[in-house]
Amino acid sequence: MASATAPAAAQFSAAIDVSKQTVAEAKASQQRIDSLDEETSRLLVDYRANLKQYELLSRFNQSRAVEVERQSTQIENLQLDVDNIENIQRAMLPLMEEMLGTLEEFIAADMPFLEQERARRIERLRSVMTDSNTSEAQRYRLIIEAFQIENEYGRTIEAYSGTVAADGGELSVEFLRIGRIALIYKTADDSVLRIYDRDANAFVDLDRKYMSDVKLGLRMAKEQTAPALLGVPVPAPIQAQ
């Protein structure tokens, strides 16, 4: 009886060992499965994050591509503008030379007021036209400013001191310019009163009855009195040809 029980016990013990090993292996397998499941979940999260990043980068690249194309078009347009500016600059020089010549001719044909000041302005413009350090835009601006100054003379009244040629030397006088209508001068002692005559291209004696108006005009030009009507002789208008 005892001899029959020993093999059965051994078999039972062996079965238990196998069962324990199986359980251990199953537990190890489950741990591996759990680990693989966690890794799979992590990889899935990473994949989804990378996919989202890819989509964002794709949209960003598409927007950048549109912007690059737009900038390329702008660069082409700017290059066309630069080419046009160079053509305009080449055309501007003879135009400005012509404008300056016209201005000089106009001053020469105008009434002889502020002659030295206006002549110096022309000289400065001539110097600017040959100065390589001055841009075309600066030259054009200065010429336009000179035209504006000449334009202002036609609608302002001005008093200034000067000298005129006289027998035996020069005579100190005070000028009164009324727009481009009249240019008059008188001496400090009121002994000389003259007005510029366009037809004679010279100053001629002015009737002394205008002396009070000339003095009033001088005070008005110096802002020493309020504006008022002045009586001065002006040439009769003629019909344009």
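How many residues lie between E4 and E5 in their hairpin, and which residue in the turn has a positive phi? There are four residues between the two strands, and Asn 201 is the one in the turn, with a positive phi of about 55°. Strand E4 covers residues 193-197 and strand E5 covers residues 202-205; they run antiparallel and are joined by four bridges. One of the pairings puts Arg 194 opposite Asp 205, its bridge partner in E5.

Before going further, keep in mind that this is a predicted model. The protein chain has a mean pLDDT of 85, with 90% of its residues at 70 or more. Confidence is highest in E3, at 96, and lowest in helix H1 (residues 2-109), at a mean of 78. Where pLDDT is low, the predicted coordinates should not be read in detail.

Now for two of the helices, H2 and H3. Here is how their lengths work out.

| Helix | Residues | Number of residues | Expected span | End C-alpha atoms apart |
|---|---|---|---|---|
| H2 | 115-129 | 15 residues | 21 Å | 21 Å |
| H3 | 136-153 | 18 residues | 26 Å | 26 Å |

For H2, the expected span and the distance between the ends agree, and they agree for H3 too.

Each helix also has a buried side. In H2, the buried residues are Arg 118, Arg 121, Ile 122, Leu 125, Val 128 and Met 129. Looking down the axis of H2, they fall within an arc of 120°, so they line one face of the helix. Turned away from that buried side is a face with the exposed residues Glu 115, Gln 116 and Glu 123. In H3, it's Arg 139, Ile 143, Ala 146, Glu 150 and Tyr 153 that are buried. Those sit within an arc of 70° seen down the axis of H3, so they too line one face.

What about the nonpolar core? The largest one has twelve residues in all, among them Met 111, Phe 113, Tyr 153, Tyr 160, Phe 175 and Leu 183. Strands E1 (157-166), E2 (169-178) and E3 (182-186) each give two or more residues to this core. Leu 183 makes plenty of contacts to look up: setting aside neighbours within four places in sequence, its partners include Met 111, Pro 112, Phe 113, Tyr 160, Phe 175, Arg 194, Tyr 196 and Phe 203.

Is Glu 170, a residue of strand E2, buried or exposed? Its relative accessibility is 66%, so Glu 170 counts as exposed. Not counting residues up to four places away in sequence, Glu 170 touches Thr 163 and Val 164.

Notes:
Residues numbered from 1 in each chain as written. Predicted model: local features only at pLDDT ≥ 70, side-chain atom pairs only at ≥ 80, totals over all residues. Heavy atoms only, no water. Expected span 1.5 Å × (residues − 1). Buried < 20%, exposed > 50% of the residue type's maximum accessible area, 1.4 Å probe, protein only. Arc of directions from axis to C-beta. Core = buried A, V, L, I, M, F, W, Y, C linked by side-chain atoms within 4.5 Å. Contact = heavy atoms within 4.5 Å. Pairing = 2+ DSSP bridges. pLDDT = per-residue confidence, 0-100.
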